[in-house]
Amino acid sequence: MTASLINTVRSTFLQAIRSVNPEGRWKVLVVDEHAKKLLGTVLKQFDILEENVTLIEPISTHREPQQFEAVYMLMPTTQNIDRIIRDFSNGHQQYLGAHLFFLDALLDPLFQRLTSSPAEPHLKALKELFVNFWVTEAQTFSMNAPELFFQIYSPPRNEASFRTAKSRLEEELRFVSKRIADLCITLNEFPYIRYYLPSHHQPLGPLQPNQQTRAPPPPEGSSRWRTNLARGEAARQYEAADTEFVTKVLASMVQQSLEEHKKANPEFPSPSDPPRPRGTLILTDRAMDVVAPFIHEFTYQAMCNDLLPIEDGTKYSYKFQSSVGTYEDKVATLSDADSVWTTVRHMHMREAIDKLMADFNKFMEDHAGFKGGGAASLNDMKDMLANLPQYQEQREKFSLHLNMAQDCMTIFEKDKLPMVSNVEQCCATGLTAEGKTPRTLVEEMVPLLDSREVSNFNKARIIALYIMYRDGVPDEDRRRLYQHARLSMVEQDAVNALVHLGVRITRGASDKDTKKKLKQKPHADEEYELSRYKPLIRTVIEDHVSNKLDQTLFPYVKDAPLAVASANSIRQSPTPTTSLRSAKPSWHKAVRPTAPVDNRQRVIVFIAGGMTYSEVREAYTLSASLNKDIYIGSTHTITPRQFFDDLKVLELSGVGSRAVPNGIPLSQTHNSYQEYYDQKYFIPDPAPPPGRPELHVPKDTKTSAKLSKAHSPSSPYAASSTSVNSLGMNGPDKEEKKKKKKGLFHF
């Protein structure tokens with residue numbers, strides 16, 4: 001199996017905390033708002049307190065002096081450096097000593113400022129952790145920056161704003177490049193870097209060629225030179241704007257960030273035993289595959305996030321039937337901690353339901369106290385679950401996924417998705433289920449557009465896919481399609497906005513087909529007719545691993561692997577010969593003995609502008625079939641609904657969107673990267689409290705341990721399972737301990 005990013009980042013945090021071992025054993029953890037959230041994604045409060053942490057304090061609040069050493073986990077902002085200095089200045093000593101851990105690289109000016117301050121004698125350690133990215137699953141990561149979709153693709157509001165919009169985008173890309181570099185450093189990987197260089201459209205958004213941002217044209221007569229070298233620097237700079245794609249800009253920035261880190265840390269990457277082949281980072285963007293966010297997917301995770309109201313891909317509200325037959329409102333968290341979820345999330349819905357049924361019936365058989373036969377349907381499962389009060393946690397998991405599967409299948413039938421999806425698949429693949437060119441596509445499509453049983457959202461998805469299939473349609477045809485579907489003006493705007501993602505939506509009689517180098521591969525062995533389309537990222541990864549990926553389409557930034565090494569990797573990593581979505585998915589097979597799991601070559605994929613759950617699935621399935629460690633990340637994860645809603649306001653620079661309700665800012669760029677960074681993570685200092693009782697810190701370490709492990713209900717971390725009772729407290733002592741613990745937690 002591929003090493004889990006969650007475990008890697010968790011281990012990084014825990015190693016940092018464990019490295020601090022003061023004489024008195026106990027220590028204080030000091031965090032800022034952002035570091036607190038990042039910690040909370042991989043660690044519970046109880047996990048931290050288990051590491052001899054007696055107190056967790058936010059650095060932005062008023063804190064009482066403590067007789068402990070402190071572990072600071074902070075973002076390297078000017079504001080935080082000033083706070084650390086303040087903790088040990090003007091005769092004030094907040095802690096016995098400070099061990100500093102920054103989640104990002106600390107720039108030299110701030111390092112000099114810190115080491116030349118009154119706090120310097122109290123600093124015992126300083127280390128950069130490089131973990132400033134969000135780990136969402138074992139093999140996925142995110143920047144949590146949905147607003148970047150608008151900064152990358154929204155056209156500048158007028159000619160005069162091109163320069164500002166481009167500068168702002170480059171500033172954001174610089175930040176993203178450092179987050180990608182953080183991921184590579186955390187994985188101890190200095191990868192080859194490849195980027196998507198499309199040939200069928202110009203750069204998009206603020207990067208599109210414009211007089212404001214393009215270099216001056218070369219002098220007249222210089223075009224007579226045939227070689228690029230002879231034509232001169234002026235001509236090359238002028239033409240550079242035609243290939244200044246967001247992926248190319250980002251790739252060069254990531255390369256620069258990694259080289260700077262290598263220069264400061266010559267031992268990077270540290271050698272592994274056994275040696276791991278050098279990995280590759282593939283940078284692409286949403287415009288490479290605009291089909292994937294529109295098409296209906298029927299694997300469990302993708303289908304649930306498309307059809308159900310799941311918040312941020314993790315929170316789902318449902319009705320839970322208790323043992324007495326009453327229904328309770330529940331909010332479930334869909335994460336890697338849920339073994340049922342991780343087992344079925346990439347299975348086709350039919351297989352997922354079969355798996356849930358089989359696991360449920362096995363669960364019934366394993367508990368002798370249960371009487372009655374096995375479940376034959378989802379409704380049987382629901383009735384039987386209500387009679388199992390003694391197995392609450394397992395009941396809730398089965399009940400959750402039973403509800404989700406049943407709700408998906410209800411919507412599948414109600415919204416006529418079998419017919420809708422058939423049209424979608426024909427448009428996306430350009431072939432019918434029989435592998436032939438679709439001849440009756442319009443005849444199948446128009447009744448669905450006319451139907452009042454099909455939602456406008458699904459009609460718009462069909463029209464968008466049809467326009468892409470036809471490589472643009474005449475304006476009159478597009479108007480008629482909108483008329484049949486009765487789309488509102490805003491919904492029409494969403495489809496029309498595809499032009500800003502490099503899609504040709506209007507086509508004249510004499511227009512030729514757009515020549516695209518990257519095309520959908522037919523998968524004749526696909527078992528499910530409504531799942532024939534595979535995201536293009538699958539083709540990219542497969543072709544890269546087999547050394548067939550066109551280097552003009554995905555060039556390397558700097559050095560490329562030697563052909564010999566590539567040939568060796570091909571022999572070690574055979575391409576799959578079975579369907580990745582067959583009845584027995586390949587990701588459940590045992591790992592091949594040809595390559596040890598701990599040193600498999602890595603492929604890291606980053607999609608600027610949003611990744612879909614179908615693309616996430618491909619990272620997992622290809623990891624097993626290609627025998628590689630594949631990680632996938634993006635600026636954010638998108639659902640079809642979110643993508644469609646963002647397209648509605650793309651021309652408005654995001655005004656009215658969920659990510660940036662007021663639109664992307666038009667202000668000038670910052671004077672330095674540090675200034676930009678400081679503003680991004682700025683947290684205002686609260687006013688000092690008027691009067692506060694003195695905090696009594698227990699001197700006895702045993703007592704201190706008991707007090708500190710109690711759960712603080714207002715903690716930012718996931719609720720700890722440790723309670724006062726579990727620490728051996730009861731009766732009058734319990735009440736006494738409750739009173740004392742209030743002084744220890746300020747969250």
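Residues 24 or more positions apart account for 80% of the contacts in the protein with a separation of 6 or more. The model is predicted. The protein has 27 helices and 13 strands, and 55% of its 747 residues count as buried.

**Exercise 1. Determine how α16 and α18 are oriented to each other, and which residues form their contact.**

Solution.

Step 1. Locate the helices: α16 covers residues 417-429 and α18 covers residues 456-469.

Step 2. Take the geometry. The two helices pack at an angle of about 20 degrees, and their axes are 8 Å apart.

Step 3. Classify the angle. Angles under 35 degrees count as roughly parallel, and α16 and α18 are therefore roughly parallel to each other. Their crossing is left-handed.

Step 4. List the residues. From α16 come L417, V420, V423, E424, C426 and C427, which meet N458, R461, I462, L465, Y466 and Y469 of α18.

Step 5. Sort them by class. The contact of α16 with α18 has 9 nonpolar, 1 polar and 2 charged residues.

**Exercise 2. Determine how α18 is oriented to α24, and describe the contact between them.**

Solution.

Step 1. Helix α24 spans residues 640-648, and α18 packs with α24 at an angle of about 80 degrees, with axes 11 Å apart.

Step 2. Angles of 65 to 115 degrees count as roughly perpendicular. The angle here makes α18 roughly perpendicular to α24.

Step 3. On the α18 side the contact is made by F457, A460 and R461, and on the α24 side by P640, R641 and F644.

Step 4. By class, this contact of α18 with α24 has 4 nonpolar, no polar and 2 charged residues.

Step 5. Compare the residue lists of both exercises for α18. R461 is listed in the contact with α16 and also in the contact with α24.

**Exercise 3. Decide whether T429 is buried or exposed, and find what its side chain reaches.**

Solution.

Step 1. T429 lies in helix α16.

Step 2. Buried means under 20% relative accessible area. At 18% relative accessibility, T429 counts as buried.

Step 3. Look for polar partners. A polar atom of the T429 side chain lies 2.7 Å from the backbone oxygen of Q425. The side chain of T429 also reaches the backbone oxygen of L431, at 3.1 Å.

Step 4. Leave out residues up to four places away in sequence; T429 then touches Q520, R532 and Y533.

**Exercise 4. Place K534 and relate its position to T429.**

Solution.

Step 1. K534 is found in the loop between α20 (489-496) and α21 (536-545).

Step 2. With a relative accessible area of 2%, K534 is buried.

Step 3. The side chain of K534 reaches the backbone oxygen of S531 at 2.9 Å.

Step 4. K534 and T429 are 105 residues apart along the chain, and their C-alpha atoms are separated by 8.7 Å.

**Exercise 5. Assign Q492 and N662 to the buried or the exposed class.**

Solution.

Step 1. Q492 is found in helix α20, and N662 lies in the loop between α24 and α25 (673-680).

Step 2. Q492 has a relative accessible area of 17% and is buried. N662 has a relative accessible area of 73% and is exposed.

Step 3. Add the surroundings of Q492. Its side chain reaches the backbone oxygen of L487 at 3.2 Å. Leaving aside neighbours within four places in sequence, Q492 is in contact with Y482 and L487.

Step 4. For N662, take the C-alpha distance to L652: the two residues are 10 residues apart along the chain and the separation is 9.8 Å.

Conventions. Residues are numbered from 1 along each chain as its sequence is written. This is a predicted model: local features need pLDDT of at least 70, side-chain atom pairs count only at pLDDT 80 or more; totals for chains, interfaces and linings use all residues. Side-chain values use heavy atoms; hydrogens and water are left out. Axes are lines fitted to C-alpha atoms, for helices over the stretch in contact, and angles run from 0 to 180 degrees between N-to-C directions. Helices (H or I, at least four residues) and strands (E, at least two) are DSSP runs, numbered from the N terminus. Angles under 35 degrees count as roughly parallel, over 145 as roughly antiparallel, 65 to 115 as roughly perpendicular and the rest as oblique. A crossing is left-handed if the near helix is turned anticlockwise from the far one by less than a right angle, and right-handed if clockwise. Contact means heavy atoms within 4.5 Å. Ala, Val, Leu, Ile, Met, Phe, Trp, Tyr, Cys and Pro count as nonpolar, Asp, Glu, Lys and Arg as charged, and the others, Gly among them, as polar. Buried means under 20% relative accessible area, exposed over 50%, partly exposed in between (1.4 Å probe, protein chains only). A polar contact is a pair of N or O atoms within 3.5 Å; within protein, one must be able to donate a hydrogen and the other to accept it, and residues adjacent in sequence count only if both atoms are side-chain atoms.
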